[in-house]
Amino acid sequence: MTIANRPPWIFLGLLVGLINAMIVGRFLWAGFGIVYLLIRCLYLENIKTNLLWLMGIAVLATVWFSYQNVQYDTKTWTTIATRQLSLRVEPDQIQVTGDTVSIIGVTREGQRIRTFGHLTSQQKATQLQAIDQPTQWQVNGPNDLLEGPRNRMQFDRRSQLRAMGIHGSVKMAQWFIVKPSQTAWQWPIDLMHHWRKQLLLYFATLHTTLNEYASNLIIGATANDFYTQNSGLKQLGLLHLFSISGMHVVYLVTLCQFILARLGVPREHSQLILAIGLPFYAIIAGGSGTLIRAILIGEASLLQPLLNRKQSTQISGLDMWSLSLIGGVTLQPAVLLTLGGQLSYLLAFALIYVAVEKTWWQTWLMNLVSLPLILHTVFQIHVLSTPVNLLVIPLFGWFIFPLVIIGACLGGVLNWVANITNTVLMVFSGLTNWFGQLPGMVTFGHLSTLFTWICLLMTLLAIDERRPRVRCKWLIALAIVYGVAFVTIHWPTDGEVSFIDVVQGDSILLRTPFNQHISLIDTGGKVGFSKPSWSRTSPGMTNVEAVTVNYLHSRGISEIDDVNCSHQDADHIGDVGRLLQLMTVHTLTIPAGMRQSRGFQTKIAPYLKQTRVIELTAGQQPQNFPFTIYHPFHPGPGGNEDSVSLGTIRNGVRFLFMGDLDRSGEREILQHYPSLTTDVLKLGHHGSDTSSDPVFIKQVAPKIGIISAGRENRYGHPKQSTLTTLMQNHITAVNTADTGMISYVYDWLGNGHWQTTLPTRTPIAGSPR
């Protein structure tokens with residue numbers, strides 16, 4: 001193929017990526033990019049040939065991605081039912097965490113299903129962990145639907161599961177395991193999964209930190225609490241070091257070429273051997289989207305000299321990137337739905353342009369180009385991110401990574417090697433966590449899609465520009481755009497009252513326009529139940545961190561004026577301690593008398609720093625406190641009967657929040673405030689029949705009743721008697737279990753409306769699914 005007849009790979013790669021975004025990601029804005037590419041192609045040489053290439057690839061890509069969408073939608077469950085399934089499960093797809101086993105298996109129809117089951121003994125857990133061959137699981141249990149986030153700005157697990165090709169989720173009520181059949185084409189794949197499981201079992205015998213690093217860096221297996229224990233990696237933007245990608249593949253290929261050369265294998269033969277072996281390594285290392293991209297580029301680099309012997313031309317870096325993008329989205333159509341996939345291809349693209357720059361400038365530019373996507377998804381950035389990356393990347397590549405390989409290879413037979421390696425890795429982990437805790441974390445907020453694309457395009461144009469003065473102008477313009485985005489996020493013209501879906505619990509956010517005052521009523525929390533010692537695991541991310549704090553950060557909020565604890569139950573204040581660790585809280589209020597309770601002493605007191613604590617009683621009015629206090633009237637230990645009841649008016653709408661106050665407390669409020677009425681009532685005790693006395697409901701006469709309950713909660717909330725009371729009084733009932741986050745949003749001009757994260761439906765009794 002002559003140079004004149006070579007396809008315009010960069011145009012083809014971008015075209016396939018944009019078609020993928022429009023069809024699989026359903027991002028209609030990608031259509032503008034497609035039109036631009038076709039217009040831009042008119043300025044190339046050999047217009048007819050290039051247009052034929054583009055139109056042909058466009059048709060093929062459209063057909064392929066449409067077919068993949070149909071296939072995925074057809075296999076994905078849309079109804080809830082009790083399922084009886086036969087799943088073929090590879091050994092490395094079995095994960096035991098405490099008393100829970102989770103597997104990913106494939107049905108005979110080709111569905112990939114994720115299932116969970118409860119283990120009753122340590123012996124059973126040990127047996128499942130030791131499985132290193134493919135198995136056939138006969139599973140029986142109800143399924144969940146792959147729904148989207150239940151709160152605004154919450155992590156979209158549905159997109160992640162789509163990228164993994166998972167069609168459904170089942171809670172296993174019963175299961176048993178049999179030996180599966182095996183076809184000839186399955187044997188090599190089964191062998192790779194067997195080797196991967198053997199490596200997992202071997203790494204588990206090493207010291208904890210060495211095990212985590214080796215599992216992560218060599219075979220792409222990340223422990224559930226790895227990033228919780230190594231929070232500095234996330235705060236400093238070092239997650240890319242632990243995502244098996246280009247650096248890892250280049251290092252592996254270079255190491256293997258060195259060994260084969262020392263064994264006397266000719267270079268051409270070693271390239272062919274590695275080209276054949278890399279796809280198998282993709283299976284052993286977990287087959288993530290970032291790894292597939294690196295494998296495809298590695299394949300192109302290895303095969304290019306073998307396929308291009310008679311030509312002096314070389315495949316350019318842009319051509320390799322384009323081929324990897326085409327191959328990556330063809331093999332994994334949903335890879336660009338994830339932040340990891342987006343950053344992988346974006347940074348690989350930018351690296352081609354910054355490779356000629358000085359090392360420190362390369363690092364800064366690479367951080368700059370990833371910034372729009374990070375702020376669109378993570379909302380925070382540390383000012384030390386760039387200098388720490390500049391120091392850590394070479395240290396990691398030349399020392400930490402080789403040390404992990406040496407420790408993994410020799411640690412099982414030479415204990416002193418394992419000890420030294422583990423100690424060094426612990427020091428490295430401790431240093432990154434220490435740097436991550438240093439001042440400098442900037443809560444920028446959620447960068448909107450429009451701002452994200454503007455900032456991304458301006459950054460790429462600045463990187464591509466070689467004239468210093470012009471590049472400086474682009475960077476100044478980029479700083480101005482970020483400044484405008486920062487102002488609009490931190491001083492929004494709207495306010496809200498949001499009932500956050502924290503599963504079975506309460507958490508209510510009240511925010512005024514321009515973020516002038518931020519209040520939170522309760523935080524939610526997990527009710528703990530005793531477990532045997534063998535089943536206890538490290539605590540994962542709390543709901544307040546994953547949902548509430550994440551949402552506050554998306555709105556540019558890093559400080560809370562007042563957090564109001566209704567009473568001491570864990571499902572209301574269990575996460576207060578974690579909130580105090582993560583955010584600055586100026587005032588904490590509790591019901592009078594609760595300060596001496598065990599709940600306060602264990603869940604809150606250890607985490608108080610400069611936070612002022614105020615004990616509330618009815619009729620009291622602390623300075624700058626934006627609520628009216630209707631209960632309690634007497635000090636108490638902080639039980640349901642002592643719940644704080646708060647009222648407020650936002651945009652002319654009256655709200656009343658009841659905590660878990662019982663019927664006796666409701667009647668007591670009526671005695672003291674006989675003329676009390678409200679527009680919106682947050683029902684007491686999650687819709688239980690211990691609250692919501694019919695006399696109280698009739699007297700306060702709300703138009704809307706909010707129920708904060710969890711799906712499939714074990715308490716059967718809300719109760720039918722409560723729903724009947726609401727219906728008899730013509731009160732519209734809304735339940736977070738059905739709709740996710742419920743918000744009343746208003747602006748400084750007085751316009752207001754209600755919105756829910758999921759479609760609204762009429763609540764039903766008894767822990768709805």
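Is Arg-150 buried or exposed, going by its relative accessibility? Keep that question in mind as you open the model, which is a predicted one, and begin the tour by selecting this residue.

**First stop: Glu-147 and Arg-150**

With a relative accessibility of 13%, Arg-150 counts as buried, because the cut-off for that word is under 20% relative accessible area. Now add Glu-147 to the selection, and you will find that the two residues form a salt bridge in which the closest N and O atoms are 2.7 Å apart. Glu-147 itself is partly exposed, with a relative accessible area of 27%.

**Second stop: Arg-196 and Asp-92**

Next select Arg-196 and Asp-92, whose side chains meet in a salt bridge with 3.1 Å from N to O. This pair links distant parts of the chain, since Arg-196 belongs to helix H6 (residues 187-203), while Asp-92 sits in the loop between strand S1 (82-89) and strand S2 (94-97), 104 residues apart. Arg-196 counts as buried at 7% relative accessibility, and Asp-92 counts as buried at 10%.

**Third stop: Glu-357 and Arg-466**

Move on to Glu-357 and Arg-466, where the side chains meet in a salt bridge of 3.2 Å, again taken from N to O. Here too the pair links distant parts of the chain: Glu-357 lies in the loop between helix H14 (339-354) and helix H15 (359-377), and Arg-466 lies in the loop between helix H18 (449-464) and helix H19 (468-490), 109 residues apart. Arg-466 counts as partly exposed, at 44% relative accessibility.

**Fourth stop: a network**

Select Arg-152, Asp-494, Glu-496, Arg-511 and Arg-555 together, and you will see residues that are linked in a network of salt bridges. The structure as a whole holds 22 salt bridges.

**Last stop: helix H11**

Finally, select residues 267-284, which make up helix H11. At 1.5 Å a residue, its 18 residues should span 26 Å, and the end C-alpha atoms are 25 Å apart, which agrees. Follow the helix to Leu-278, where there is a kink of about 35°, shortly before the proline Pro-279. Leu-278 is also one of the buried residues of H11, which include Ser-270, Gln-271, Leu-274 and Ala-275, together with Tyr-281, Ala-282 and Ile-284. As you look along the helix, it helps to know that an α-helix has 3.6 residues a turn, so residues three or four places apart point the same way. Just after H11, end the tour at Gly-286, which takes a positive phi of about 100°.

Key. Residues are numbered from 1 along each chain as its sequence is written. This is a predicted model: local features need pLDDT of at least 70, side-chain atom pairs count only at pLDDT 80 or more; totals for chains, interfaces and linings use all residues. Side-chain values use heavy atoms; hydrogens and water are left out. Helices (H or I, at least four residues) and strands (E, at least two) are DSSP runs, numbered from the N terminus. The expected span of a helix is 1.5 Å times one less than its number of residues. The bend at a residue is the angle between axes fitted to the seven residues ending there and the seven starting there. Buried means under 20% relative accessible area, exposed over 50%, partly exposed in between (1.4 Å probe, protein chains only). A salt bridge is a side-chain nitrogen of Lys or Arg within 4 Å of a carboxyl oxygen of Asp or Glu.
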